[in-house]
Amino acid sequence: MRVQSSAIAPAAIAIDSPSTRTTGTTGTLLAALGVVAFSLTFPATAWGLEGFGPWSLVAVRSVLAAVIAGACLLALRIPVPARRHRAGLAVVAAGVVVGFPLLTTLALRTSTTAHAAVVVGLLPLTTALFSALRVGTRPSRTFWAAASAGAAAVVAFTVQQSGGALTTADLYLFAALLVCAAGYTEGGRLARVMPGWQVIGWALVLCLPLTVPAAALALSYEPVRLTAHSVAGLLWVAAGSQFLGLVVWYRGMAAIGIPRASQLQLAQPLLTLVWSVLLLGEHLTVAAPLTAAAVLVCIAVTQRARS
């Protein structure tokens, strides 16, 4: 799931200086750890939903992640972003902090994590499209052909799995693709003028006036049943997926470069399928891994076409 994409993930706290001496092997390991962290997001969300309502889970998740990010920003005495960057941060916050977690959480109430992983595996292609529109670049015909093939594979899989028609969960997932891609694209633009970890950090903090009252309201209306699974799921999506996973991802990417790191991220949908079986006991249809592999190939082609 690319909360996790090269557009907004942090380079890590205080690691953006040229004096960083991370070896290529260590950088690869860190980037791989980031991908593993992101691949666990959907299973962790499913666990969280065992004890929290969808609105409570998303709001509390955002508050906890913002507390972690805010503490880092305060500890390092990071100045408040300039006024000209705040509109962009609002887009990141709306797409990545609120929109994507909320829409995917609502989808996972009725969708399996395996199904969601395949659909959201299209996120790199969606982000590339938004980036092309935002920046004004003109990708090659090969890029568009591969992107279209990947999109067609996901749509065919979704319709086939849903019995010939899109479900409400599918609509949530496709909407999540759009808002997250917008957030990633704007985050990528901001990451050119400030460290990536500060982009997601300030986006999380920016949402606190919304997420704190939302958490209080949601918790008062939705029943909470604390279990080992629900607490572990909440802590993971807050600390692991929404902040710390992004830190190790971008530290690794800073060491080995965007192309190599992006290749590692191609494995994310397939990893989520593995977790859905091991952690949730889901049974995969043959179409799920085949479609995920097809999307992986299409993404690889688009990356090669853009390089």
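Here is a short conversation about a predicted model of a protein chain.

Colleague: Let's begin with the overall picture: how many helices and strands are there in the protein chain?

Modeller: The protein chain has 14 helices and zero strands. Of its 307 residues, 51% count as buried. The chain exposes about 13,300 Å², and carbon and sulfur atoms supply 68% of that.

Colleague: How do you know that the span of helix H1 agrees with its number of residues?

Modeller: Helix H1 covers residues 24-39, which is 16 residues. The expected span is 1.5 Å times one less than the number of residues, so H1 should span 22 Å. Its end C-alpha atoms are 22 Å apart, which agrees. Buried residues in H1 include Gly27, Leu30, Ala31 and Phe38.

Colleague: And what makes helix H5 mostly covered?

Modeller: Eight of the eight residues of H5, residues 113-120, are buried. They are Thr113, Ala114, His115, Ala116, Ala117, Val118, Val119 and Val120.

Colleague: Why is glycine 99 called buried?

Modeller: Buried means under 20% relative accessible area. Glycine 99 has 12%, so it counts as buried. This glycine lies in helix H4, residues 86-107. Leaving aside its neighbours within four places in sequence, glycine 99 is in contact with Ala94 and Val179. The C-alpha atoms of glycine 99 and alanine 175 are separated by 8.7 Å, although the two are 76 residues apart along the chain.

Colleague: Now for leucine 226: why is this residue called exposed?

Modeller: The cut-off for exposed is over 50%. Leucine 226 has a relative accessible area of 61%, so it is exposed. This leucine lies in the loop between helix H10 (208-221) and helix H11 (228-256).

Colleague: Which residues form a nonpolar patch on the surface with leucine 226?

Modeller: Its partners there are Leu64, Leu219, Val224, Val231 and Leu235. Together with Leu226 they have about 480 Å² of accessible area.

Colleague: One more residue, please: what is notable about the phi of arginine 77?

Modeller: Its phi is near 55 degrees, a positive value in a residue other than glycine. For background, most residues other than glycine have a negative phi. Arginine 77 lies in the loop between helix H3 (54-75) and H4.

Colleague: Is arginine 77 buried or exposed, and how do you know?

Modeller: Its relative accessibility is 75%. Exposed means over 50%, so arginine 77 counts as exposed.

Note on methods: Residues numbered from 1 in each chain as written. Predicted model: local features only at pLDDT ≥ 70, side-chain atom pairs only at ≥ 80, totals over all residues. Heavy atoms only, no water. Helix = DSSP H or I, 4+ residues; strand = E, 2+ residues; numbered from the N terminus. Buried < 20%, exposed > 50% of the residue type's maximum accessible area, 1.4 Å probe, protein only. Areas by Shrake-Rupley, 256 points an atom, 1.4 Å probe, with all protein chains shown as cover. Patch = residues over 30% accessible without salt bridge, like charges linked within 9 Å, V, L, I, M, F, W, Y side chains within 5 Å. Salt bridge = Lys/Arg side-chain N within 4 Å of Asp/Glu carboxyl O. Contact = heavy atoms within 4.5 Å.
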